[in-house]
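The following exercises concern a single protein structure. Each task is followed by a solution in steps.

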Amino acid sequence: MAALVASCNPGAGDEVADKDKATAPSDNITASPTTKTTGRVLGTAKSPLIQAFVPSVEAQKVVESARPLAELLRKRTGYFVKNMTATSYIAVVEALGQGHAHIAWLPPMAYVLARQRNGARVILKVVRHGQAVYHGIILVRKDSGINTLSDLKGRTFAFVEPASASGHLYPRALLMKNGIDPDRDLKRCIFSGSHDSAVLAVFNGSVDAAACYDDARTKLAKTMPELLSETKVLARTADIPSDNVVVSKDLPEAMVKKLTAALLAIAEDPQGKQVLLDLYEVEGLVPAKDSDYDTLREMAQVLGLDIEKQVRGED
């Protein structure tokens, strides 16, 4: 498991925690959101709320981008917030369960695991490209003679990569729910390595069908307009929920409400909008509930996925 890097507000140094488990930063921060151990009140300078991030880009960029968010939360709520950047999703999941993180920004599957293991609560989900959900699609050429999912039997197919939600997992579940086992019923399956490559494989006739995000053709069509006229969407997956903001199970409800309101306000403020955009390319935030992630649970059940192994990056 990767190490945790605790980043204080400007002026404080970074710390590296034990690489084998998610431990609390070592400056006497409370180890429990209910403060039963120390009797301290959370959100103070001596016992700040811990906000955890996982870098989807270089860690230092996340550290720097997260600082102004902690400052904005302080201004709107009065709570002191300390940022912690981890290099693995599982480290954040464990930190939430151990009381070493109180707020976390997570991808969908990591949230589902955090909910399952330690009762973490989702409060918000992110908006990108104007939506808080997205979809996978299955593309075919218009002249392929493929008009229904059942027509894919005996055909060749391109997924994107094994861990891709829109380019593999959700489309595979869609096929299986419609009676098509990709390993048995398709003539040949490949992983193209990228969404663009999957689209081009269909367009060029290298495969009969491909999975990708909706609509991966748009960018390519700027230089290849015929791509849109010569291919079609055969099917769309269920909603794929977006990344989210979660809080630990025992964080007091009054604090949860205040943090939720503050983050929603930050997402509407010009300065806050830029902070979120710089952090994770987030365009906005909207309220979320646990049932928003039921499609992910269903997908995992259909495919027989072990969610914890997926989050850990294991086979």
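**Exercise 1.** Which residue in β11 is the bridge partner of Ile-137? Describe the surroundings of strand β8 in this predicted model.

*Solution.*
Step 1. The bridge partner of Ile-137 in β11 is Cys-212.
Step 2. Strand β11 covers residues 209–213, runs antiparallel to β8 and is joined to β8 by five bridges.
Step 3. Strand β12, residues 231–236, is likewise antiparallel to β8, with five bridges between them. Within this pairing, Ala-235 of β12 lies opposite Ile-138.
Step 4. In a regular strand, side chains alternate between the two faces of the sheet. In β8, Gly-136, Ile-138 and Val-140 point one way, whereas Ile-137, Leu-139 and Arg-141 point the other way.
Step 5. Residues on either side are buried; for β8, residues 136–141, this amounts to six of six.

**Exercise 2.** Classify Cys-189 and Cys-212 as buried, partly exposed or exposed, and state how many disulfides the structure holds.

*Solution.*
Step 1. A residue is buried under 20% relative accessible area and exposed over 50%.
Step 2. Cys-212 has a relative accessibility of 1%, so this residue is buried.
Step 3. Cys-189 has a relative accessible area of 33% and is therefore partly exposed.
Step 4. A disulfide is a covalent bond that links the sulfur atoms of two cysteines. The structure holds zero disulfides.

**Exercise 3.** At what angle do helices α4 and α11 pack, and which residues meet?

*Solution.*
Step 1. A pair of packed helices is described by the angle between the axes and the distance between them. For α4 (residues 165–177) and α11 (residues 294–303), the angle is about 65° and the axes are 9 Å apart.
Step 2. The crossing of α4 past α11 is left-handed.
Step 3. From α4, the residues in contact are Leu-169, Tyr-170, Arg-172, Ala-173, Met-176 and Lys-177; from α11, they are Thr-295, Leu-296, Glu-298, Met-299, Val-302 and Leu-303.
Step 4. Sorted by class, this contact comprises eight nonpolar, one polar and three charged residues.

**Exercise 4.** Is Leu-296 buried or exposed, and which residues does Leu-296 touch beyond four places away in sequence?

*Solution.*
Step 1. Leu-296 belongs to helix α11.
Step 2. Its relative accessible area is 4%, so Leu-296 is buried.
Step 3. Leaving aside residues up to four places away in sequence, Leu-296 touches Pro-108, Met-109, Val-112, Tyr-170 and Ile-307.
Step 4. Val-112 lies 184 residues from Leu-296 along the chain, while their C-alpha atoms are separated by 8.2 Å.

How values were computed: Residues are numbered from 1 along each chain as its sequence is written. This is a predicted model: local features need pLDDT of at least 70, side-chain atom pairs count only at pLDDT 80 or more; totals for chains, interfaces and linings use all residues. Side-chain values use heavy atoms; hydrogens and water are left out. A disulfide is a pair of cysteine sulfur atoms within 2.5 Å. Buried means under 20% relative accessible area, exposed over 50%, partly exposed in between (1.4 Å probe, protein chains only). Helices (H or I, at least four residues) and strands (E, at least two) are DSSP runs, numbered from the N terminus. Two strands pair if DSSP finds at least two bridges between them. Axes are lines fitted to C-alpha atoms, for helices over the stretch in contact, and angles run from 0 to 180 degrees between N-to-C directions. A crossing is left-handed if the near helix is turned anticlockwise from the far one by less than a right angle, and right-handed if clockwise. Contact means heavy atoms within 4.5 Å. Ala, Val, Leu, Ile, Met, Phe, Trp, Tyr, Cys and Pro count as nonpolar, Asp, Glu, Lys and Arg as charged, and the others, Gly among them, as polar.
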